[in-house]
Amino acid sequence: MSHRPSRRVVRAAGPPQSRPLPAPPRDGSGASRLPRKAIVFVGPMAAGKTSIGKRVAKELGVPFIDTDSQIVQRHGAITEIFAQRGEAEFRRIEADVVAREIAEPGARIVSLGGGALTTAQTREILRDYPVILLMTTERAVMKTVNLAKRPLLRDDPGAWSRILEQRRPQYEAAAKVTFRTDKNSKEGITRMIIDWIYQQSGKY
């Protein structure tokens, strides 16, 4: 039986003090401080998984993978998959893509779609990975989201909160740590996530 590290929740009060992002040492030892497997971002729609994930990947010098983008590249538009093949088939495709991407060796950032954890296969796979949960509020989302790209939120503003409450137990069960994107700047969140990742040295 694999040992599952304890989960920690980060709730910073107010904006973090400004300081440079942590960077790998110049002697090249920084790579040895990274997990030897995928670092997985989960969370509700528009919580910042892609934007924060890209920042973290860039600072660490590792690949960034968005599983929704991978699905679109390989299978076509997600809305069309839902409409023509149904949600069950989409979730099957999604689970296969997630499993393939996180199985790739070496450190990388993998961002999952908001509903990925509704699939038992994905929840089971993630038990042995460093999983970061990004959380926010509906109010914060509605202030920044592009509604033209989020028709669900445009047509049914209350849907975000309802869906979150359905999925919250799955997010919290999978996460090793939680960061609030509605209470910190992107720079601050990026810094805190990188700090946490370095603290996982030797655990994954």
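How much accessible surface does the protein chain have, and what share belongs to carbon and sulfur atoms? In this predicted model, the accessible surface of the chain comes to about 10,800 Å², and carbon and sulfur atoms hold 49% of that area. The chain runs to 204 residues, of which 44% count as buried. Its fold is built from nine helices and six strands. Contacts often link distant parts of the sequence: taking those with a separation of 6 or more, 78% are between residues 24 or more positions apart.

A good place to start looking is the stretch that leads from strand S2 into helix H1. Ala 46 sits in the loop between S2 (38-42) and H1. The backbone does something worth a glance here, as phi of Ala 46 is near 65 degrees, a positive value in a residue other than glycine. Is Ala 46 buried, exposed or partly exposed? With a relative accessibility of 27%, Ala 46 counts as partly exposed, because that value falls between the 20% limit for buried and the 50% limit for exposed.

Helix H1 itself covers residues 49-60, and Thr 50 is part of it. UniProt, in an unreviewed entry, lists Thr 50 under "binding site". Which residues does Thr 50 touch, once those up to four places away in sequence are set aside? They are Phe 64, Asp 66 and Ser 111. Even with these contacts, Thr 50 keeps a relative accessible area of 31%, so it is partly exposed.

Moving along the chain, helix H2 takes in residues 67-75, with Ser 69 among them. Ser 69 is partly exposed too, at 35% relative accessibility. How far apart in space are the C-alpha atoms of Ser 69 and Gly 113? The two residues are 44 apart along the chain, and their C-alpha atoms are separated by 9.5 Å.

Next comes a pair of helices, H3 (residues 78-85) and H4 (residues 87-103), whose axes come within 7 Å of each other and cross at roughly 135 degrees. That angle makes H3 oblique to H4; the label fits because 135 degrees is over the 115 that closes the perpendicular range, yet not over the 145 needed for roughly antiparallel. On the H3 side, the residues that meet H4 are Ile 78, Ile 81, Phe 82 and Arg 85. Facing them from H4 are Glu 87, Glu 89, Phe 90, Arg 91 and Ile 93. What kinds of residues make up this contact? Five are nonpolar and four are charged, with no polar residues taking part.

Two further spots lie in later helices. Arg 154 belongs to helix H7, which spans residues 151-155. At 44% relative accessibility, Arg 154 counts as partly exposed. Its C-alpha atom is 9.2 Å from that of Met 142, a residue twelve positions away along the chain.

Helix H9 spans residues 186-199, and Gln 199 is in it. Gln 199 is partly exposed, with a relative accessible area of 49%, which means that it stays just inside the partly exposed class, as exposed calls for over 50%. Where does Gln 199 come in relation to Arg 33? Along the sequence 166 residues separate them, but in space the C-alpha to C-alpha distance is 7.9 Å.

Methods:
Residues numbered from 1 in each chain as written. Predicted model: local features only at pLDDT ≥ 70, side-chain atom pairs only at ≥ 80, totals over all residues. Heavy atoms only, no water. UniProt positions renumbered as here; feature names shortened; annotations may be inferred. Helix = DSSP H or I, 4+ residues; strand = E, 2+ residues; numbered from the N terminus. Buried < 20%, exposed > 50% of the residue type's maximum accessible area, 1.4 Å probe, protein only. Contact = heavy atoms within 4.5 Å. Axes fitted to C-alpha atoms, helices over the stretch in contact; angles between N-to-C directions. Parallel < 35°, antiparallel > 145°, perpendicular 65-115°, else oblique. Nonpolar A, V, L, I, M, F, W, Y, C, P; charged D, E, K, R; others polar. Areas by Shrake-Rupley, 256 points an atom, 1.4 Å probe, with all protein chains shown as cover.
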